[in-house]
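Me: I would like to understand how the words used for a protein model are justified. Could we go through them one at a time?

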Amino acid sequence: MQKTIKLSLLSIALVSSLKAENQYLLDNIEVSSSQGTTIDKKDVTDSVTIITKEEIEESHASTLNEALQKLANISMTQNGGPGELSSLYLRGMSSKRVLVLIDGVRYNNPTTVDSVPEFSQIMLNNVQQIEIIKGAQSGVWGSDASGGVINIITSKAKKGIHASAKLEYGAYDTLQTSLAASYATQEYDLLASGTYFNTDGFSAVEPTQGDVNYGKRYDELGLERDAYENKTLNTKFGYNLTDSDRIEANIQAINSFVHYDDTSFVAPYKPVDSIVPNTYIKNRFYTLAYKHKSSTNDIKLQYNLSTFDRESVGAWSNYYYNGSVNEVKIDDKINYMKNSFLRIGASYQKFEQTDITPNLDKSYNAVSAYATNYNKFNLLAALNTIITESLRYDKYNAFDNSLTGKFGIKQFLKDDFYISANIGTGYNAPTLGPLYGQWGANPNLKPEKSLTRDITLGNDTVWITYFDNKVTDLIEYTSAYIQTTGTSKFRGVELGYEDYFFDSLGVRALYTYLETKNANGKALARRPKSQLDTTVTYYATENLDFGINAQYIGTRYDSDTNNAVQTGKYTVANFVTNIKANKSVTFYAKINNITDKYYQTVDGYATAGRSLYVGFNAKY
């Protein structure tokens with residue numbers, strides 16, 4: 001520790017200050033998950049939100065769910081503190097309908113309860129960009145993308161030698177450290193990074209709203225703390241065989257320990273404080289790719305492997321969620337005119353669940369073919385018109401085959417002011433956990449089908465979007481997996497505003513109004529009817545900034561009835577400051593929940609009170 005402090009002070013003394021970069025001064029942001037290939041954000045027809053590395057560094061969000069909740073106007077719930085199970089609602093579409101990718105590798109665990117991706121396990125210290133694409137994307141990515149796609153892009157090695165380090169300590173005895181190093185030449189590049197996160201945490205459970213002790217925190221009630229530990233390692237290697245040919249290999253490993261609180265087995269199944277339950281997670285993500293690029297073709301042959309090993313040691317029994325996703329795909333982006341391309345490809349995917357019951361492993365596979373056409377031209381004078389069409393055919397060995405697609409158009413009306421519209425069809429095959437797992441399995445489930453539409457008017461400063469999503473044969477989990485025959489509806493309005501004033505003040509406000517109804521006419525649980533996220537950042541000097549982030553959650557019920565427990569109608573505010581000592585070292589402090597607001601996102605599960613964290617980043 002003393003050596004670290006001495007090195008930091010030496011850096012401060014030797015390196016002169018340079019003008020600080022900030023998130024509001026960034027140009028030419030690219031998106032890679034909208035059409036499966038890289039496109040400038042301004043040329044994307046889809047409704048897209050980008051969280052940049054600069055935003056992550058300024059806010060010091062530690063995990064994916066923290067970044068999504070603070071920076072992307074996405075509704076999230078969590079069963080307790082760091083590392084505990086969390087769920088996401090994108091325009092009301094739940095986690096199992098949102099495909100999560102890490103550098104193009106599937107992160108959705110097909111074996112878990114409700115197929116929820118483990119957002120709280122993804123650390124952000126080596127993340128370059130997070131892309132959130134809204135609306136059905138099955139026409140590009142297949143199943144699991146009927147509500148949208150979240151693509152996490154990790155950092156790449158830059159030419160020369162580079163290194164970075166981060167150290168943070170704060171509330172609940174939380175320690176976070178990370179190291180990254182990279183080296184790149186014209187011929188090859190190598191990057192390695194690691195993160196260690198450890199916290200004593202707080203009790204995952206607290207009294208439900210029907211309890212006389214509701215409103216008291218764990219320390220007032222004498223509840224035990226639920227610890228969490230995460231060790232993440234990421235390595236990337238690339239070798240340029242020629243000026244046109246390249247091979248890449250990536251490995252990401254996540255090892256976690258989560259102490260959680262169980263649920264009683266007697267109705268109404270309230271959470272119970274317990275010292276027994278623990279979850280051990282070992283997830284691995286591998287990529288091996290060959291790329292060939294010429295003036296007309298951009299060919300990629302890629303093999304992806306995601307493996308999931310989750311063991312929950314409970315008070316009553318042990319539960320295993322072990323499985324894998326194997327994927328082989330080849331595609332080619334063919335440039336056939338100026339600002340136009342055709343992307344065609346094919347893939348094989350195998351989803352497997354293992355070690356649940358001996359000799360009863362389950363799996364299914366899909367063979368797919370897909371195509372995307374993209375055109376950018378001038379339809380109205382010198383104003384750009386962008387049109388995209390995507391089509392995908394998936395042949396399953398366990399379900400009906402699917403044909404999905406999407407169409408988007410974006411017309412600039414004056415300067416950067418535009419109108420855009422998108423329509424897409426989605427297909428969501430039931431995953432292995434809901435079909436054959438240990439909690440409420442239903443082998444008779446059939447795929448969901450969906451139709452999503454949206455229309456946006458605005459520019460990069462102010463915009464308004466109307467969206468309308470319909471899902472046929474919605475699958476939901478109550479005490480078991482059930483399938484509601486008929487159509488469930490998700491519709492609403494999104495408003496956004498973002499600007500930068502006086503070269504010192506950044507303002508962002510995002511609002512969503514949402515209405516949901518299942519096929520029986522009931523509002524769906526845990527989706528807030530309204531949500532407002534605001535961020536104000538003041539860059540006091542070139543080296544000092546202050547930020548306030550606040551989120552308001554409107555009416556939200558814990559189950560699909562309007563007389564259920566209310567888990568909304570609250571505001572939480574957070575504060576952060578960055579002090580840039582020089583171009584290499586930044587010190588920071590953040591206070592989450594600065595008003596010490598008491599609230600629950602899931603009835604009976606705790607959230608953090610006022611929490612102070614301090615730390616520093618160092619870069620070379």
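The exchange below takes up confidence, burial and a surface patch in turn.

Me: What makes the confidence in this model high or low along the chain?

Reply: This is a predicted model, and its protein chain averages a pLDDT of 89, with 93% of the residues scoring at least 70. Over residues 1–20, however, pLDDT stays under 50, and for that stretch the model has 22 contacts beyond four places in sequence.

Me: Why is helix 3 called mostly covered?

Reply: Buried means under 20% relative accessible area, and seven of the eight residues of helix 3, which spans residues 64–71, are buried, so the helix is described as mostly covered. The buried residues are Leu 64, Asn 65, Glu 66, Ala 67, Leu 68, Lys 70 and Leu 71. Just after helix 3, Asn 73 takes a positive phi of about 55°.

Me: Why does Ile 455 count as partly exposed?

Reply: Ile 455, which is found in strand 26, has 39% relative accessibility; buried would need a value under 20% and exposed a value over 50%, so Ile 455 lies in between and counts as partly exposed.

Me: What makes Ile 455 eligible for the nonpolar patch on the surface?

Reply: A patch residue needs over 30% relative accessible area, and Ile 455 has 39%. Ile 455 belongs to the nonpolar patch together with residues including Phe 377, Leu 413 and Tyr 466, and the patch has about 890 Å² of accessible area together. Strands 22, 25, 26 and 27 each give two or more residues to the patch, and the largest share, three residues, comes from strand 22.

Methods
Residues numbered from 1 in each chain as written. Predicted model: local features only at pLDDT ≥ 70, side-chain atom pairs only at ≥ 80, totals over all residues. Heavy atoms only, no water. Buried < 20%, exposed > 50% of the residue type's maximum accessible area, 1.4 Å probe, protein only. Helix = DSSP H or I, 4+ residues; strand = E, 2+ residues; numbered from the N terminus. Patch = residues over 30% accessible without salt bridge, like charges linked within 9 Å, V, L, I, M, F, W, Y side chains within 5 Å. Areas by Shrake-Rupley, 256 points an atom, 1.4 Å probe, with all protein chains shown as cover. Salt bridge = Lys/Arg side-chain N within 4 Å of Asp/Glu carboxyl O. pLDDT = per-residue confidence, 0-100. Contact = heavy atoms within 4.5 Å.
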